[in-house]
Amino acid sequence: MKYVDEYRDAALVHQLAAAIARVTTRPWTIMEICGGQTHAIVKFGLDELLPKNITLVHGPGCPVCVTSAELIDQAVDLALKHGAILCSFGDMLRVPGNGIDLLTAKARGADVRIVYSPLDAVTIALENPAKQVVFFAVGFETTAPANAMSVLRAEREKVKNFSILTSHVLVPPAMRAILGSPDNRVQGFLAAGHVCTIMGTSEYGPIAREFKAPIIITGFEPVDILEGILLCVKQLESGRAEVENAYSRAVRTEGNVHARKIVEQVFEVCDRDWRGIGVIPQSGLAVRPAYAHYDANQCFLLPHTNGSACTECISGEIMRGVKKPHDCPAFGKRCTPEQPLGAPMVSSEGACAAYYRYRSRAVESAAV
Amino acid sequence: MCLAVPGKVVEIIGDDPLLRSAKVSFAGVVKLVSLTCTPEAKLGDFVLVHVGVAISTVDPKEAEETFRYLKEMGELDGIDLAPVNPAAP
């Protein structure tokens with residue numbers, strides 16, 4: 001596939017790994033933000049190609065992983081008690097809430113449907129005028145335009161039975177929270193390429209300067225990721241902390257102005273509770289009051305539940321780069337993709353799921 | 001979750017900015033995709049598609065530039081780079 005295959009070239013990958021080894025003289029810890037990058041790193045074994053003194057830690061860029069248990073409870077409530085058709089991306093169905101998950105709700109008779117696109121949920125609303133249809137709008141900046149478009153499409157089509165349950169999160173405030181944490185060990189970032197496709201690069205300069213951490217805007221294929229690491233290590237070795245764009249085929253400096261306009265029309269910035277991490281001020285998106293009639297939290301009386309869902313899950317420490325999945329005593333034993341204790345074991349982009357799928361044998365042999 | 005897959009625009013449908021769509025081919029698998037966020041996309045362009053929405057056109061010059069840059073850095077001496085052909089499917 002064009003723009004994929006050439007970025008998986010094995011010879012290029014090994015040459016880039018050799019280049020990284022040549023420029024590395026000291027230990028460095030680098031975080032990739034996006035769960036898609038985590039998945040590619042573990043799947044292709046890119047971290048195993050790096051010199052031993054480069055440590056990659058895995059960031060919070062998995063929206064399924066950071067959606068609060070309270071929002072899962074609200075989605076279950078919408079489907080079971082309010083009788084809504086609850087539409088969601090597939091990964092959300094097995095994430096534990098404080099009570100049951102959406103898959104269990106479906107087994108108990110709730111109408112829970114997996115959709116590919118939020119726009120599909122608007123179509124379902126058009127086809128089911130007698131039912132309320134709610135889309136579980138999770139995601140980072142990358143997904144915000146599509147979720148905002150679902151609201152604008154519903155408005156255009158005069159759909160009255162559609163709303164969204166919003167769990168939108170923003171990357172730059174999370175980077176600040178990680179870098180500002182007393183136990184932080186992240187020295188440089190691979191920024192999430194597709195978030196920057198939408199938002200551009202301007203938000204990252206102040207972070208790089210304030211925390212003296214290089215930020216490399218990075219794509220998702222092996223060559224992209226290793227190029228990002230190479231540029232990051234070069235900056236770290238030379239004492240620079242700048243923003244560099246290693247994904248220029250998809251990221252313009254100003255981002256996607258059309259997408260940003262749609263997002264700003266429908267959403268406004270709000271505080272957000274990140275599962276495992278806690279509330280980060282001004283780190284989320286909520287539906288603007290002008291579109292309140294498409295906001296499930298305004299349309300329905302939803303429960304407000306507290307609770308950490310599982311006290312044994314260390315997902316917060318993993319997503320802040322303090323620990324790795326195999327540091328968790330429950331990993332692969334009491335917590336598996338079939339019976340997850342925490343969200344990162346559920347999502348295909350969660351760090352724990354990636355390690356379980358591609359690194360189980362390595363963990364077993366290390367434990368012997 | 002932030003996965004976006006590059007595909008080639010093979011047909012454009014409609015001209016209302018909110019409803020403009022395209023048939024996009026992903027190595028032969030064709031899906032209907034919104035072009036609302038990429039009004040500049042035209043037939044034959046590659047777009048990055050995320051949850052049914054094209055979020056960017058792929059810049060073929062920048063794509064080539066990446067490989068040129070890597071080579072110029074001297075990091076890739078001795079590597080026979082595959083040619084990047086923007087017109088290829």
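**Exercise 1.** In which sense do strand β8 (residues 215–218) of chain A and β9(A) pair, and over how many bridges?

*Solution.* The structure is a predicted model. Step 1: β8(A) and β9(A) pair in the parallel sense, over three bridges. Step 2: at the residue level, A:Ile217 stands opposite A:Asn245 in β9(A). Step 3: both strands belong to an open sheet of five strands in chain A, with the order β2-β1-β7-β8-β9 and parallel pairing.

**Exercise 2.** Determine which strands of this sheet stand at its edges, and describe what packs on the sheet.

*Solution.* Step 1: β2 (54–61) and β9 (243–245) of chain A each have a single partner strand, so one side of each is left without a neighbour in the sheet. Step 2: from one strand to the next, the twist averages 25 degrees. Step 3: α11(A) packs on the sheet and touches β1 (28–34), β2, β7 (188–192), β8 and β9 of chain A. The direction of α11(A) makes about 145 degrees with that of β7(A).

**Exercise 3.** Identify the residues of the largest nonpolar core that touch the most other members, and the helix that gives the most to this core.

*Solution.* Step 1: the core has 152 residues, and those touching the most other members include A:Ala75, A:Phe136 and B:Ala54. Step 2: helix α11 (residues 222–238) of chain A gives the most, with nine residues. Step 3: leaving aside neighbours within four places in sequence, A:Phe136 is in contact with A:Ala75, A:Leu86, A:Cys87, A:Ser88, A:Met92 and A:Leu165.

Methods:
Residues numbered from 1 in each chain as written. Chains lettered and ligands numbered in written order. Predicted model: local features only at pLDDT ≥ 70, side-chain atom pairs only at ≥ 80, totals over all residues. Core = buried A, V, L, I, M, F, W, Y, C linked by C-beta atoms within 7 Å. Buried ≥ 20, exposed ≤ 12 C-beta atoms within 10 Å, placed from the backbone. Helix = DSSP H or I, 4+ residues; strand = E, 2+ residues; numbered from the N terminus. Contact = placed C-beta atoms within 7 Å. Pairing = 2+ DSSP bridges. Axes fitted to C-alpha atoms, helices over the stretch in contact; angles between N-to-C directions.
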